[in-house]
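The following exercises concern ligand surroundings in a protein. Please examine the structure before reading the solutions.

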Amino acid sequence: MTNTSMNEASSAGAKHVDAVVVGAGFAGLYMLLLLRDRLGLDVVGLEAADGIGGVWYWNRYPGARCDIASCDYSYSFSEELQQEWTWPEKYPAQPDILAYLEHVAERFDLKRSFQFDTRVIRADFDERSNRWRIETAHGTRFVAKYFIPATGVLSEGNVPEFKGRENFAGRNCFTGRWPKGGVDFSGKRVGIIGTGATAMQAIPIIAEQAAHLYVFQRTPSFGVPLQNEPMSAEEDRRIKAAYPRIRRAARESFGGLSLLEARPSALADSPAERRAHYESRYQAGGFSVWFGSYSDIFFDATANETAAEFVRQKIRERVKDPAVAALLCPRPGVTYGTKRQPCESGYFEAFNRDNVTLVDIHRAPIEEITPQGLRTADASYEFDYLIYATGFDAFTGALFRMNITGCQGLSLNKYWSAGPRSYLGIATSGFPNMFNITGPQSPSVFYNFPPGIEMHCEWIADCIRFMEAHGLARIDADAEHEEAWLRHIVELADATLMPKASSWYMGDNIPGKPRVFMFYLGGGQKYRALIDQEAANRYPGFNFVAEDTAQADASKG
Ligand code: FAD
Ligand code: NAP
């Protein structure tokens with residue numbers, strides 16, 4: 001077949017729309033709303049799940065909750081929405097966030113534009129028509145000018161290929177695909193692999209239900225208390241009255257959070273001052289130690305060690321058995337906060353219970369999953385349920401599974417085989433009219449997601465409005481700007497301690513994944529200024545093609 005007849009064949013029977021948005025989490029919902037209701041485009045949303053919610057649809061494991069306060073972890077685009085919604089707790093639990101997103105979908109009538117149970121398995125850019133051809137697992141096809149994956153950076157699970165995994169005779173559970181009806185662990189023996197943010201939330205709750213819980217730990221985490229509390233009516237009123245200030249403070253902050261201000265240097269304070277400052281931040285909870293203690297903990301190993309030792313000391317105080325406490329403390333030399341800060345509620349105290357056993361799989365690794373449980377290098381364990389709290393193929397996992405092909409038959413998987421490439425974290429050269437939301441090389445996971453998502457969705461909608469107003473058929477990130485952005489990402493990261501740490505921020509958790517730093521570390525305010533300037537200057541880092549190519553030059557002038 002010639003290229004032309006292939007294009008015609010694959011477009012036949014396809015539904016033609018202006019834009020396809022993939023994903024119905026925070027990002028997909030808002031993107032669809034902007035394109036459909038503000039720009040008046042014909043948009044379809046495609047979502048693999050049978051409902052909306054994204055992360056908050058899939059992660060229903062016991063204890064799942066947000067560790068950013070609800071007044072920050074929520075949409076700000078509608079004053080009516082933020083005034084009418086009441087959060088029951090300071091840090092919202094998964095069912096409350098899902099209920100909130102359901103309310104948003106209902107209020108803005110979003111579901112009618114989504115097709116659920118619909119997984120995108122392929123997307124190709126047709127250079128002749130400047131259109132994306134998108135195919136789903138059901139075989140349905142769409143042709144769209146704009147293709148917007150809102151597929152999430154933590155949506156594709158990582159379940160390690162342990163030998164014998166398929167032989168387990170009990171029930172397997174993965175935290176990122178938790179069953180809707182929940183799982184009753186009462187009276188059961190349970191094993192859980194992993195001690196990251198997810199496991200730290202689940203363990204204290206499962207420990208209360210299970211007959212016995214075995215926790216298989218390879219790497220201990222620097223957990224700090226969340227300090228969650230119910231939202232009183234008075235606090236709810238105070239927050240609602242203060243929203244203009246709260247949202248402004250978040251926009252002007254590094255991480256998209258309204259509350260914290262770090263002191264510049266841990267080393268400038270005396271040990272007693274430092275201890276008191278860390279203590280006050282520890283008691284304040286959430287990200288207060290991480291983002292609100294001292295700025296130099298991200299840059300200076302000696303400063304960092306003061307925070308690391310403070311948190312280790314807290315673990316030793318909270319865990320009764322000194323041998324167990326020692327195992328739960330991150331090992332000497334491991335830096336604090338250079339991987340995602342997990343927040344916990346009673347995690348360390350769970351190890352004071354008689355029905356919880358901590359198993360060190362760093363010293364004696366898992367050798368095999370057996371029908372009865374698992375075998376490590378030095379012992380066997382038996383249980384009825386095996387929980388994988390083993391994280392995600394972050395940043396690129398969901399994108400790669402869509403088999404995206406851009407210009408000249410280049411696949412995204414191949415183009416990014418040495419690590420993601422983009423301009424501003426929004427668009428990739430050779431993949432025209434495709435926009436990423438909070439993806440790699442943007443502030444992404446180092447910025448509170450809802451405001452990060454709003455920032456990107458609004459920028460993308462403005463860019464599309466510009467294209468439609470100027471008769472432009474194609475926008476493509478300029479290759480030289482992309483190269484410069486990559487250098488900038490690396491430069492910013494290399495000035496910190498972060499690339500030295502082993503974490504999913506560097507792709508370390510997935511065997512074979514290239515080891516590169518995945519996001520922009522310049523902070524939200526700087527990033528916003530950069531992308532706003534790009535738009536104000538009429539997108540100098542992008543190349544356009546006009547619907548009528550003769551108009552192309554004129555449109556940039
Ligand atoms: P997601 O919510 O991941 O939605 C992506 C959607 O795309 C999913 O519904 C998925 O099914 C769908 N999808 C993916 N691939 C396809 C495909 N091929 N076809 C069709 N559909 C597809 N961030 C914070 O800022 N604060 C927090 O406290 C916080 N807590 C978190 C807790 C957990 C357990 C996890 C996993 C993440 C957390 N995050 C947190 C990060 C979280 O990813 C973001 O906050 C936010 O929910 C991302 O929204 P999103 O719409 O971009 O992506
Ligand atoms: P994670 O941080 O990647 O933790 C995965 C855990 O599984 C780690 O302890 C890891 O050990 C272990 N593991 C993975 N592969 C293993 C293997 N082959 N053998 C033994 N152990 C293995 O994943 P997560 O806990 O799901 O969290 C991911 C991210 O989601 C978080 O960082 C955060 O951004 C988000 N999240 C947020 C919250 C919240 O509080 N709001 C809650 C949950 C998740 P190693 O460290 O040794 O690899």
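Two exercises with worked solutions follow. The model is predicted, with local features requiring pLDDT of at least 70 and side-chain atom pairs pLDDT 80 or more, while totals for chains, interfaces and linings use all residues. Residues are numbered from 1 along each chain as written, chains are lettered from A and ligands numbered from 1 in order of writing, and side-chain values use heavy atoms, without hydrogens and water.

**Exercise 1.** Describe the surroundings of ligand 1.

Step 1. Of the 32 residues around ligand 1, A27, E47, V55, D67 and Y73 come nearest (a residue is near if one of its heavy atoms lies within 4 Å).

Step 2. For polar contacts (pairs of N or O atoms within 3.5 Å), a backbone N or O atom of V55 lies 2.8 Å from a ligand 1 oxygen atom, and one of F26 lies 3.1 Å from an oxygen atom of ligand 1.

Step 3. The protein buries 95% of the 990 Å² that ligand 1 exposes when taken alone (Shrake-Rupley method, 1.4 Å probe).

**Exercise 2.** Where does ligand 2 lie relative to domain 1 and domain 2?

Step 1. D67, T195, T198, R218 and T219 come nearest among the 24 residues around ligand 2.

Step 2. An oxygen atom of ligand 2 is 3.0 Å from a side-chain N or O atom of D67, and a backbone N or O atom of T195 lies 2.9 Å from a ligand 2 oxygen atom.

Step 3. Domain 1 (3–155 + 394–555) and domain 2 (159–221 + 342–391) both contribute residues to the shell, so ligand 2 lies between them; the bounds come from an automatic or database domain assignment.

Note on methods. Polar contact = N/O pair within 3.5 Å; in protein donor to acceptor, adjacent residues only side chain to side chain.
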